[in-house]
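Here is a short report for a reader meeting this structure for the first time. Please look over the sequence and the model before reading on.

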Amino acid sequence: MNEPQTPADDDRGLDEQLVSYLDGELDAAESREVEEALAQNPRVRQELQQLERSWQLLDELPRTQVDESFTRSTVEMIAVQAEKDLVAIQAQLPQRRRRVWLVAAGALLTAAVAGFLTSTVLTQRADEKLLSDLPVIENFDQYREVEDLEFLRMLKSQGFLEPKDKHER
């Protein structure tokens, strides 16, 4: 959610927009917007003039010369730091490889366990279906002789088709 803009936020936004305008970083639409604000608002014109004076003062400051030893020492410091970074990265490489192998082994183990559990559950369901159909399979030849399904339902409802002893299986 956007917080309400304060006058300080407006000033900061205006300053940033004017600095971008002076640096030539705005596109045509943004430049036109700034120019319209300059034409209509004396405070914006005053702000732009102050920024231009600051730029001119910065240009008048003496330029410091950097000697070659400063450049050389800076480059050497960067090279030393880069070498330290490289050594640190190389030191971490065996740990990273070990981590990758452990993650891969964990993923394989998880996949194996999931596959085993899935196949176990699916096999059990197939066995349960086969066991529930076993009485029909056992008496299939007798059922084929009967042409009327209603007759079989009547025999079942009267208990003639129930196995005599369920423990016989």
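The report covers salt bridges, then a charged surface patch, then one serine.

This is a predicted model.

**Salt bridges**

How many salt bridges does the structure hold? There are three. In general, side chains of opposite charge can pair when their charged atoms come close. The table lists each pair with its closest N to O distance.

| Pair | Closest N to O distance |
|---|---|
| Glu-68 and Arg-72 | 4.0 Å |
| Lys-129 and Asp-133 | 3.5 Å |
| Arg-153 and Glu-150 | 3.0 Å |

Take Glu-68 and Arg-72. Both belong to helix H4, which covers residues 68-138. They sit four residues apart, so about one helical turn separates them. Glu-68 has a relative accessible area of 61% and is exposed. Arg-72, at 46%, is partly exposed.

Helix H4 also holds Lys-129 and Asp-133. Again the spacing is four residues, about one turn of the helix. Is Lys-129 buried or exposed? Its relative accessibility is 51%, and exposed means over 50%, so Lys-129 counts as exposed. Its partner Asp-133 has 28% relative accessibility and counts as partly exposed.

The remaining pair is in helix H6, residues 149-157. Arg-153 and Glu-150 are three residues apart there, so about one helical turn lies between them. Their side chains meet with N and O 3.0 Å apart. Arg-153 is partly exposed, with a relative accessible area of 49%. Glu-150 is partly exposed too, at 48% relative accessibility.

**A patch of negative charge**

Which residues gather in a patch of negative charge on the surface? They are Asp-27, Glu-30, Glu-33, Glu-35 and Glu-36. One of them, Glu-30, has its place in helix H2, which runs over residues 28-40. Glu-30 shows 33% relative accessibility and counts as partly exposed. Patch residues need over 30% relative accessible area, so Glu-30 meets that cut-off with its 33%.

**A buried serine**

Ser-20 lies in helix H1, residues 7-23. Why does Ser-20 count as buried? Its relative accessibility is 18%, and buried means under 20%, so Ser-20 falls in that class. Which residues does Ser-20 contact, leaving aside neighbours within four places in sequence? With those set aside, Ser-20 is in contact with Glu-25 and Leu-26.

**In brief**

The model holds three salt bridges. A patch of negative charge on the surface includes Glu-30, while Ser-20 counts as buried.

Note on methods: Residues numbered from 1 in each chain as written. Predicted model: local features only at pLDDT ≥ 70, side-chain atom pairs only at ≥ 80, totals over all residues. Heavy atoms only, no water. Patch = residues over 30% accessible without salt bridge, like charges linked within 9 Å, V, L, I, M, F, W, Y side chains within 5 Å. Areas by Shrake-Rupley, 256 points an atom, 1.4 Å probe, with all protein chains shown as cover. Lys, Arg positive; Asp, Glu negative; His and termini not counted. Charge placed at Lys NZ, Arg CZ, Asp CG, Glu CD. Helix = DSSP H or I, 4+ residues; strand = E, 2+ residues; numbered from the N terminus. Buried < 20%, exposed > 50% of the residue type's maximum accessible area, 1.4 Å probe, protein only. Contact = heavy atoms within 4.5 Å.
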